[in-house]
Amino acid sequence: MATASPPSVRSLHKSFFPKSPRLPHNSHFRSPRWRSSLRSRCPIRATSAVALEPESSTQRNQNMETDLFACPVCYQPLIRKGPPGFNLQAIYRSGFKCKKCNKSYTSKDVYLDLTVTAGLRDYTEVKPARTELFRSPFVSFLYERGWRQNFNRSGFPGLDEEFKMAQEYFKPTEGGILVDVSCGSGLFSRKFAKSGTYSGVVALDFSENMLQQCYDFIKQHASLLDSNLALVRADVSRLPFSSSSIDAVHAGAALHCWPSPSNAVAEISRILRSGGVFVGTTFLQYTSSTPWMVRPLRQRILQNYSYLTEEEIEDLCTSCGLTNYTRKVKQSFIMFSAQKP
Ligand SMILES: C[S@@+](CC[C@H](N)C(=O)[O-])C[C@H]1O[C@@H](n2cnc3c(N)ncnc32)[C@H](O)[C@@H]1O
């Protein structure tokens, strides 16, 4: 039995992100800030000295190393066995294992299932209606075919504008890893991946059917199949990443659907590295122009969702240790951003 020596920063980066992202000439990708961010991420993959079994001839061409993904039970980086690369094909052909919990994770159909319940045969868990609604194949199918466009009536500026606004907030994280939490059918994940701004994009959702839609849309763009894009099933309250390992987290129109917004924001804060940025959009419970008399009524009607007020969202971010809170509001639409100090 041999003990693997920790790989160098350069070899780790090459094996995880073999394709160079299309970065702007003046990007931060090669800046000292980016390098220090990579260094701070590398212990995740390199610190656990992994005892490797002797390789058989069929395994010879496969890599076995600690991964960006972590066990959702204990948050230890997973050991990955399979071809290197942070793209759909390489991840589908890889197996992931937590050495501590002795739990294995594989890509089921089109996504890597990193929920705590992955692989369980008897236990099933039902989430609140606002989460379960989006697990339906019907809603998942309709989502990008009309459902999402309806949000514009409440003040959402539309996908292109929302993407542009988010990219502005994410400027300090260029060249890093972006997780699109609660990505739905992947409408923003695809834009983030296509932009070439990030070295890796993780499209993450709890809904199996949303992830299927995500994959179906990705398949229509050949270049995306080879890009640095991963599809992961996970619960926002149990994100499968080590602490301080992620540069950017996006959560579009999602906070009101989460079972516990406070647990979710705490998780997002945990996985962000120092200087990392969180950008979210949601519907506000009411706006300054909503008459006082209508407000309690709105709250009662909308009780199936966690629609928060502007003050509550800021409070939540601040109480989870995020700073530099800022927001843009139009009618019920809010885009907010906060940073990990
Ligand atoms: C309204 S959709 C937003 C989709 C997309 N981000 C957008 O901007 O349109 C809300 C998403 O939150 C996901 N979601 C709900 N509960 C979740 C949970 N516990 N963990 C992760 N995602 C969840 C749903 O599956 C759904 O895809």
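**Pockets and salt bridges in a predicted model**

Guide: In this predicted model, the lining of the second largest pocket divides into eight nonpolar, four polar and nine charged residues.

Visitor: What makes a residue of that lining count as charged or as nonpolar?

Guide: The residue type decides: Asp, Glu, Lys and Arg count as charged, while Phe is among the nonpolar types. Of the 21 lining residues, those nearest the centre of the second largest pocket are T115, T117, E125, F206 and R233, so by this rule E125 and R233 are counted as charged and F206 as nonpolar.

Visitor: Which domains supply the lining of the second largest pocket?

Guide: Domain 1 (2-113) and domain 2 (129-339) each contribute at least three residues to this lining, and the space inside the second largest pocket is about 360 Å³.

Visitor: Why is the other space called a cavity and not a pocket?

Guide: The name cavity is given to a set of points where a 1.4 Å probe fits but cannot get out, whereas a pocket is an open set. A search of the whole structure finds one cavity of 30 Å³ or more, and the largest cavity, with about 340 Å³ of space, is lined by 29 residues, with F134, S182, D205, A254 and C257 nearest its centre. Helix 4 (129-132), strand 9 (177-181), helix 7 (187-195) and strand 10 (200-205) each give at least two residues to that lining, which divides into 17 nonpolar, seven polar and five charged.

Visitor: How do you know that E267 and R270 meet in a salt bridge?

Guide: The N to O distance between their side chains is 2.8 Å, and the rule asks for a nitrogen of Lys or Arg within 4 Å of a carboxyl oxygen of Asp or Glu, so the pair qualifies. Both residues lie in helix 10 (residues 261-271), three residues apart, about one turn of the helix.

Visitor: Why is E267 called buried, and why is R270?

Guide: E267 has a relative accessible area of 7% and R270 has 16%; since buried means under 20%, both values meet the cut-off.

Visitor: What makes E132 partly exposed?

Guide: Its relative accessible area is 23%, and partly exposed is the class between under 20% and over 50%, so E132 belongs there. The side chain of E132 meets that of R135 in a salt bridge at 3.1 Å, N to O, and these two residues are linked with D113, E208 and R233 in a network of salt bridges.

Terms used. Residues are numbered from 1 along each chain as its sequence is written. This is a predicted model: local features need pLDDT of at least 70, side-chain atom pairs count only at pLDDT 80 or more; totals for chains, interfaces and linings use all residues. Side-chain values use heavy atoms; hydrogens and water are left out. On a 1 Å grid over the protein atoms alone, a cavity is a set of points where a 1.4 Å probe fits but cannot get out, and a pocket is an open set with protein on both sides within 12 Å along at least five of seven lines; lining residues have an atom within 4 Å of a point. Grid points are joined across faces, edges and corners, and a volume is the space filled by probe spheres set on the points. Domain bounds come from an automatic or database domain assignment. Helices (H or I, at least four residues) and strands (E, at least two) are DSSP runs, numbered from the N terminus. Buried means under 20% relative accessible area, exposed over 50%, partly exposed in between (1.4 Å probe, protein chains only).
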